[in-house]
Amino acid sequence: MPTTTAVRPRLRALATSALAGTLLWAITGCGQEPTLPKASAPTWREPASYTYTLRSTQGKRPLIGTFEVTVRDGKVVEAVGLDDSGRHVVDRSPQHVPTIGALLREAEAARAEGADTVDVTHAADGRPVSIAIDWEENAIDDEAAYDLSGYEALG
């Protein structure tokens, strides 16, 4: 039968091992709920011709308002301002009205350049339905928010 002095070092070693294992478990995040990878949206390819409605809000920038946009051969060929701000943009600087592809490129550029927030929400078919960009979380008026609706591919 082991003596009391032989048992104490074993108990200390077991307690130390248990503590080390618990700390390692906590540090590596094993105590957290498992996270599943985000399901990626289906791949969407921008068609050459389509129409959509763009509502652009937030921030101090030229593209604020609601627009009905027609794209042909990958270029905006018609933009109609649906509110006062949109009409002002179309009258003064229609070149600021983008294609959906240009909005996606803006979001990708923001990600690549380290914007604090870039969120793109996709419809079931993969096309974007909203894009939100915040370049600096603590800055004022650097955000951009786009809602895309009424999408229709043209033949």
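# Exercises on a six-stranded sheet and its helices

Strands S2 and S3 form a hairpin with two residues between them, and Asp73 in that turn has a positive phi of about 50°. Helices (H or I, at least four residues) and strands (E, at least two) are DSSP runs, numbered from the N terminus. This is a predicted model, in which local features need pLDDT of at least 70 and side-chain atom pairs count only at pLDDT 80 or more, while totals for chains, interfaces and linings use all residues. Residues are numbered from 1 along each chain as its sequence is written, and side-chain values use heavy atoms, with hydrogens and water left out.

## Exercise 1: the sheet

Find the order of the strands in the sheet, and name its edge strands.

*Step 1.* Start from the hairpin. S2 (residues 65-72) and S3 (residues 75-81) run antiparallel and are joined by six bridges. Two strands pair if DSSP finds at least two bridges between them. Within this pairing, Phe67 stands opposite Gly81 in S3.

*Step 2.* Move on to S1 and S6, which pair in the antiparallel sense over seven bridges. Here Ser56 stands opposite Tyr146 in S6.

*Step 3.* Add S5, which pairs with S6 in the antiparallel sense over five bridges. Two positions to locate are Ser130, opposite Asp147 in S6, and Ile133, opposite Ala144 in S6.

*Step 4.* Put the pieces together. The six strands form an open sheet in the order S3-S2-S1-S6-S5-S4, with antiparallel pairing. S3 and S4 are the edge strands, each pairing on one side only. Neighbouring strands are turned by 20° against each other on average, direction ignored; axes here are lines fitted to C-alpha atoms, for helices over the stretch in contact, and angles run from 0 to 180 degrees between N-to-C directions.

## Exercise 2: helix H2

Work out which residues of H2 are buried and which strands are among those that cover them.

*Step 1.* Place the helix. H2 (residues 84-92) lies across S2 and S3 and runs at about 45° to S2.

*Step 2.* Sort the residues by accessibility. Buried means under 20% relative accessible area, exposed over 50%, and partly exposed in between (1.4 Å probe, protein chains only). Gly86, Val89 and Val90 are buried in H2.

*Step 3.* Look down the helix axis. The buried residues of H2 fall within an arc of 95°, so they line one face of the helix; the arc is that of the directions from the helix axis to the C-beta atoms. The face turned away from this buried side carries the exposed residues Asp84, Asp91 and Arg92.

*Step 4.* Name the cover. It includes S2 and S3, where contact means heavy atoms within 4.5 Å.

## Exercise 3: helix H3

Compare the reach of H3 with its expected span, then find its buried residues.

*Step 1.* H3 (residues 100-112) has 13 residues. The expected span of a helix is 1.5 Å times one less than its number of residues. From first C-alpha to last, H3 reaches 18 Å, close to the 18 Å expected.

*Step 2.* The buried residues in H3 are Ile100, Gly101, Leu103, Ala107 and Ala110. Their cover includes strands S1 (50-57), S4 (117-122), S5 (128-134) and S6 (143-153).

*Step 3.* Finish just after H3, where Gly114 takes a positive phi of about 85°.

## Exercise 4: the aromatic rings

Describe the ring pairs that Tyr50 makes with Tyr52 and Tyr151.

*Step 1.* Choose the descriptors. A pair of aromatic rings is described by the distance of the centres and the angle of the planes. Rings of Phe, Tyr and Trp (its six-membered ring) pair if their centres lie within 6.5 Å; planes under 30 degrees apart count as stacked, over 60 as edge-to-face and the rest as tilted.

*Step 2.* Searching the whole structure gives three aromatic pairs. One of them is Tyr50 with Tyr52, a tilted pair at 6.0 Å centre to centre with 40° between the planes.

*Step 3.* Turn to Tyr50 and Tyr151: their ring centres are 5.7 Å apart and their planes stand at 40°, so this pair is tilted. The pair links distant parts of the chain, with Tyr50 in S1 and Tyr151 in S6, 101 residues apart.

*Step 4.* Check the accessibility. Tyr50 is buried at 0%, Tyr52 counts as buried at 0%, and Tyr151 is partly exposed at 21%.

*Step 5.* Join the rings up: ring pairs link Trp44, Tyr50, Tyr52 and Tyr151 into a cluster.
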